[in-house]
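Q: Please zoom in on one part of this model and walk me through it slowly. I'd like to start from a single spot and work outwards from there.

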Amino acid sequence: MHSDLWIEEKFSDFLGLRIKVEKVLFSGKSEFQSVDVVETKGHGKMLLNDGLIMVTERDEFAYHDMIAHVPLFVHPNPKNVLVIGGGDGGTAREVLRHASVEKCTMVEIDAMVVDACKEHIPQTSKDLEHPKMNLIIGDGVKFVNETTEKFDVIIVDSTDPIGPAQPLFGEAFYQDVYNCLADDGIVVSQGESSWYAMDIQQSLLKVLNSVFPNSYLYSFSNLTYPGGLWSFTFASKQYHPCRDFNPERVSESGLSFDYYNANLHTAAFALPSFALNGLKGL
Ligand code: SAM
């Protein structure tokens, strides 16, 4: 953190994103990572894990709309949803807006992230005490290996593949995810940057394709992630993310969104050519 109150996220060893900070609200170090919450100028409150931007109040809706509503509007009746990671609470908040959802289990490894967000970022964490929430502090890798529950939708809202998040990008984890998904289950995961992390995208899609019949990358624009263009992966035992999507369900839901809409749902799966070329043949 800079003494003149700018935060710089260093991405790889050649790119930095600087954001002006008004005030440091929380700074701690857990057994897993450093956790900071700051008040920024122009982007609202911001959570950083290990110095990497996780969410800002200004643009978190883009990430959370696209990670949650894409699978939840493809699955015809999602009742039991699992979120791995997601400690800021934004993904769970969006999951709980779907009337069909009866239970949202969230397995976050780091209590410090949850506590810091509960205290300082109510915009994302406001529904973590919701009666349908089942919040577990623990390792998502261990959870999917041991649970006997079946989930309709699993959302992997993880940090980059370093530290405890590394196995969340591996084959053993996705084999367990497959096993604890219902027969028509869907898994969506944080899929990194096509600009700067094509190698991670290639390896994640390779893993998904080895476990699921098909997998897809879809993208969205995020103001405060390096490169702006970011992505998620979609894999299912049964459903295609566009052919099995009925846009009428979005209007019938009565929900309104700041980022997601029915046209964007389908458009998000149309990738720029450089990304398609990078993923060819996987
Ligand atoms: N939107 C975010 C981003 O920048 O990609 C992700 C948000 S959320 C804060 C990511 C969370 O995943 C972190 O709080 C981290 O502690 C959690 N996490 C990492 N590895 C995990 C694991 N093995 N099991 C459960 N949670 C994990």
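A: Let's start at Thr 159, which sits in the loop between strand 9 (151-157) and helix 6. Helices here are DSSP runs of H or I with at least four residues, strands are runs of E with at least two, and the numbering goes from the N terminus. Residue numbers begin at 1 along each chain, following the sequence as written. Keep in mind that this is a predicted model, where local features need pLDDT of at least 70, side-chain atom pairs count only at pLDDT 80 or more, and totals for chains, interfaces and linings use all residues.

Is Thr 159 buried or exposed? Thr 159 has 22 C-beta neighbours inside 10 Å, so it counts as buried. The cut-offs, with C-beta atoms placed from the backbone, are 20 or more other C-beta atoms within 10 Å for buried, 12 or fewer for exposed, and partly exposed in between. Setting aside residues up to four places away in sequence, Thr 159 touches Asn 49, Gly 85 and Ala 165. Contact means that two C-beta atoms, again placed from the backbone, lie within 7 Å.

Now for the annotation. An unreviewed UniProt entry places the feature "binding site" at His 64, Asp 88, Asp 157, Ser 158, Thr 159 and Asp 160. For "active site", also from an unreviewed entry, UniProt lists Asp 157. Those positions use the numbering used here, the feature names are shortened, and the annotations may be inferred rather than shown by experiment.

Asp 157 belongs to strand 9. Asp 157 is buried too, because it has 26 C-beta neighbours inside 10 Å. Leaving out neighbours within four places in sequence, Asp 157 is in contact with Ile 67, Val 83, Ile 84, Gly 85, Gly 86, Thr 91 and Gln 190. Gly 85 shows up again here: it touches Thr 159, and it stands opposite Asp 157 in strand 9.

That takes us to the strand itself. Strand 9 is mostly covered, with seven of its seven residues buried. Strand 6 (residues 80-85) pairs with strand 9 in the parallel sense over five bridges. Strand 10 (181-190) also pairs with strand 9 in the parallel sense, over five bridges, and there Ile 154 has Val 187 as its bridge partner. Two strands count as paired once DSSP finds at least two bridges between them.

His 64, another of the "binding site" positions, is found in helix 1 (residues 60-74). It is buried, with 27 other C-beta atoms within 10 Å. Not counting residues up to four places away, His 64 touches Gly 90, Thr 91, Arg 93 and Glu 94. Thr 91 is a shared partner, being in contact with Asp 157 as well. Helix 1 also holds Ala 62, which counts as buried on 20 C-beta neighbours inside 10 Å. Ala 62 and Asn 222 are 160 residues apart in sequence, but 6.5 Å apart in space, C-alpha to C-alpha. Outside its own stretch of four places either way, Ala 62 touches Phe 220, Ser 221, Asn 222 and Tyr 259.

Back to the loop that holds Thr 159, and on to helix 6 (171-179). Phe 173, Tyr 174, Asp 176 and Val 177 are buried in helix 6. These four cover an arc of only 155° around the axis, which puts them on the same side of helix 6; the arc is that of the directions from the helix axis to the C-beta atoms. What covers them includes helix 5 (140-146), strand 9, strand 10 and helix 7.

Helix 7 (residues 198-211) makes a neat last stop. Its 14 residues should span 20 Å at 1.5 Å a residue, and the end C-alpha atoms are 20 Å apart, which agrees; the expected span is 1.5 Å times one less than the number of residues. Gln 201, Leu 204, Val 207 and Leu 208 are buried in helix 7. Seen down the axis, the buried residues of helix 7 fall within an arc of 130°, so they line one face of the helix. An α-helix has 3.6 residues a turn, so residues three or four places apart point the same way. On the other side of helix 7, Asp 199 and Ser 210 are exposed. The cover over the buried residues of helix 7 includes helix 6, strand 10, strand 11 (214-221), strand 12 (229-236) and helix 10 (273-279).
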